[in-house]
Protein chains: 2
Amino acid sequence: MSKLVIVGTVAFDAIETPFGKTDKILGGAATYIGLSASQFNADAVIVSVVGGDFPQEHLDLLSHKNIDISGIEIVKEGKTFFWKGKYRNDMNSRDTLATELNVLADFQPVVPENYKDADIVMLGNLHPLVQMSVIEQMDTKPRLVILDTMNFWMDCALDELHKVIRKVDVITINDEEARQLTGEYSLVVAANKIQQMGPKYVVIKKGEHGALLFHKDDVFYAPALPLKEVFDPTGAGDTFAGGFAGYLAKTKDFSFENMKNAVIYGSTLASFCVEKFGTERMETLKGSEVHKRLLQFKQLTQFEIKLT
Amino acid sequence: MSKLVIVGTVAFDAIETPFGKTDKILGGAATYIGLSASQFNADAVIVSVVGGDFPQEHLDLLSHKNIDISGIEIVKEGKTFFWKGKYRNDMNSRDTLATELNVLADFQPVVPENYKDADIVMLGNLHPLVQMSVIEQMDTKPRLVILDTMNFWMDCALDELHKVIRKVDVITINDEEARQLTGEYSLVVAANKIQQMGPKYVVIKKGEHGALLFHKDDVFYAPALPLKEVFDPTGAGDTFAGGFAGYLAKTKDFSFENMKNAVIYGSTLASFCVEKFGTERMETLKGSEVHKRLLQFKQLTQFEIKLT
């Protein structure tokens, strides 16, 4: 089992979908990544920050999932990062109704000493300078640094983002963001261009259309499980990343062939995340349920044509 | 080898894409279906109509691919169906610039006597009444009737379309059309509703996002091969259908497991179709090239997670 450092937001979300709405509930990239990675009993620490308003029960939830929370700074006099969003009817697009940075505005991440030799660093969506600071704090060069980011940073911190991209092994990014980052419409061409920027592996997330893994001339495609109903897409991308990183932490095999499996695990876990509001489904998810759904993924994708 | 009856347009197309434009070239649903099915040396006949302006060389091309053209009526004093379209920059949407029905307006399909006992009937996109007429001309009930249709008939001949849908075993339809036909956004729910209308198997085509095969509670997903460049999407859906039908005609196994393979063959052949304008790529396509690309499809989709 490799050590896994997760940096990202631990936050409050308020979510509205066509199926209903929530008050402030537990959210944040690092939360979803951690809950997902916990399926693999990864030796994971979350590096993040919350305010004095953050309930102990949320921290306890993470601890009970065997996630080390010693890297979560609590700013007693501050307020926790808050995001409020509303999904449109097609569930593929959403409007941000509120973003309150609060304690995140001055966040200086601190990697706990006993994780500075971690094999894997998962940089959840955050300001590229914060992501870079985590890389720089590592005592030994991690075997695998995975970066998740979004278009927001391309708009307002592109130079800093490029500096981080140069340092990472894997980038996970959605299709429109890959196009924005490269100016290329074809995802094959975009993935090639991103590899030239640094990462040897590029994962392009296409939401309900699945995810693509690129490495040199190799491509692997994992569909999203077709679902009767997507209840709340919040956190699906982070849950995917957490499953991807958690599986690699467990297996310690960073070959392309094993990354295919990591992508399948990521897709599998994301398919649960969207079934209920927020983190609800991931909080109660059992290994036996994951196993059953992996069988569904096999039936969904595997075929029998014999070729020599 | 089963006999295969293909009904659909044989036509002239004029196509404009961001990469260039063509004059009147060979097109039509039955043309693409036939060229694709010919990869399996299917004993196939095309039932269609052309005008006196249709070049003998186009008919010769089909004959040389071992497609029986005795079902193609030539109306000497008439003009061949003509479609002109222009693709937008994303290649996913197109505008129809001209549609001249010509001889298609009064088309009365005639299935040649020696194909009235065919095992498979592939109903390419045409007026539902024409499609129904072909079903009714069969002497023996075909083992498999496959229907392709489009939103145009939902708008202007919905009752007739529903009558045909009730008679078929497999429907191939694109995602937006499945939603329009059922009023359901979820493709899982839409596919269930379509099965209640008649077809036991539903294939939903998602263009660059691949295709889904539904049967009862089973789902299979075939991605589209990620390509550096889509040169011209015209005929891709028909090429998919032709590969699907041709493979089933060759193997005579209509189980869900074998239909998975048929979907993979359909996707594989469609991935060639879009590489050049019109039918150009399909005219010269070799079996060895198909074989090589099937290997790519395996690498693209197959993974190694061991589950019991």
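Between chain A and chain B of this predicted model, 17 residue pairs are in polar contact, both residues of each pair being at pLDDT 80 or more. On the side of chain A that touches chain B, the elements giving two or more residues are helix H7 (187-197), strand E14 (218-222), helix H9 (256-273) and helix H11 (287-301) of chain A. H11(A) gives the most to that side, with 8 residues. By residue class, the side of chain A that touches chain B divides into 19 nonpolar, 10 polar and 9 charged residues.

The contact takes 38 residues from chain A and 38 residues from chain B. Together the two chains bury about 3700 Å² between them, and 59% of this area is on carbon and sulfur atoms.

Chain A is superposed on chain B by a rotation of 180° with 0.0 Å of shift along the axis, at an RMSD of 0.0 Å. This is the relation of a two-fold axis. The same surface serves both copies, since 100% of the contact residues of chain A recur in chain B.

A search of the whole structure finds 27 salt bridges over all chains. The count between chain A and chain B is 1 salt bridge. Two salt bridges are listed here, one between the chains and one within chain A.

| Acidic residue | Basic residue | N to O distance |
|---|---|---|
| B:Glu208 | A:Arg179 | 4.0 Å |
| A:Asp148 | A:Lys205 | 2.9 Å |

A:Asp148 lies in strand E10 (residues 144-148) of chain A and A:Lys205 in strand E12 (residues 201-205) of chain A, so their salt bridge ties together parts that are 57 residues apart in sequence.

Aromatic rings also pair in this model, with 19 aromatic pairs over all chains. One of them joins B:Phe231 and B:Phe277: the ring centres are 4.9 Å apart and the planes stand at 75°, so the pair is edge-to-face. The angle fits that class because planes over 60 degrees apart count as edge-to-face. This pair links distant parts of the chain, 46 residues apart. B:Phe231 is in the loop between strand E14 (218-222) and helix H8 (236-251) of chain B, while B:Phe277 is in the loop between helix H9 (256-273) and helix H10 (280-284) of chain B.

Key:
Residues are numbered from 1 along each chain as its sequence is written. Chains are lettered from A and ligands numbered from 1 in the order in which they are written. This is a predicted model: local features need pLDDT of at least 70, side-chain atom pairs count only at pLDDT 80 or more; totals for chains, interfaces and linings use all residues. Side-chain values use heavy atoms; hydrogens and water are left out. Copies are superposed by least squares on the C-alpha atoms of residues with pLDDT of at least 70 in both. Contact means heavy atoms within 4.5 Å. Buried area is the accessible area (1.4 Å probe) that two parts lose on being put together, summed over both. A salt bridge is a side-chain nitrogen of Lys or Arg within 4 Å of a carboxyl oxygen of Asp or Glu. A polar contact is a pair of N or O atoms within 3.5 Å; within protein, one must be able to donate a hydrogen and the other to accept it, and residues adjacent in sequence count only if both atoms are side-chain atoms. Helices (H or I, at least four residues) and strands (E, at least two) are DSSP runs, numbered from the N terminus. Ala, Val, Leu, Ile, Met, Phe, Trp, Tyr, Cys and Pro count as nonpolar, Asp, Glu, Lys and Arg as charged, and the others, Gly among them, as polar. Rings of Phe, Tyr and Trp (its six-membered ring) pair if their centres lie within 6.5 Å; planes under 30 degrees apart count as stacked, over 60 as edge-to-face and the rest as tilted.
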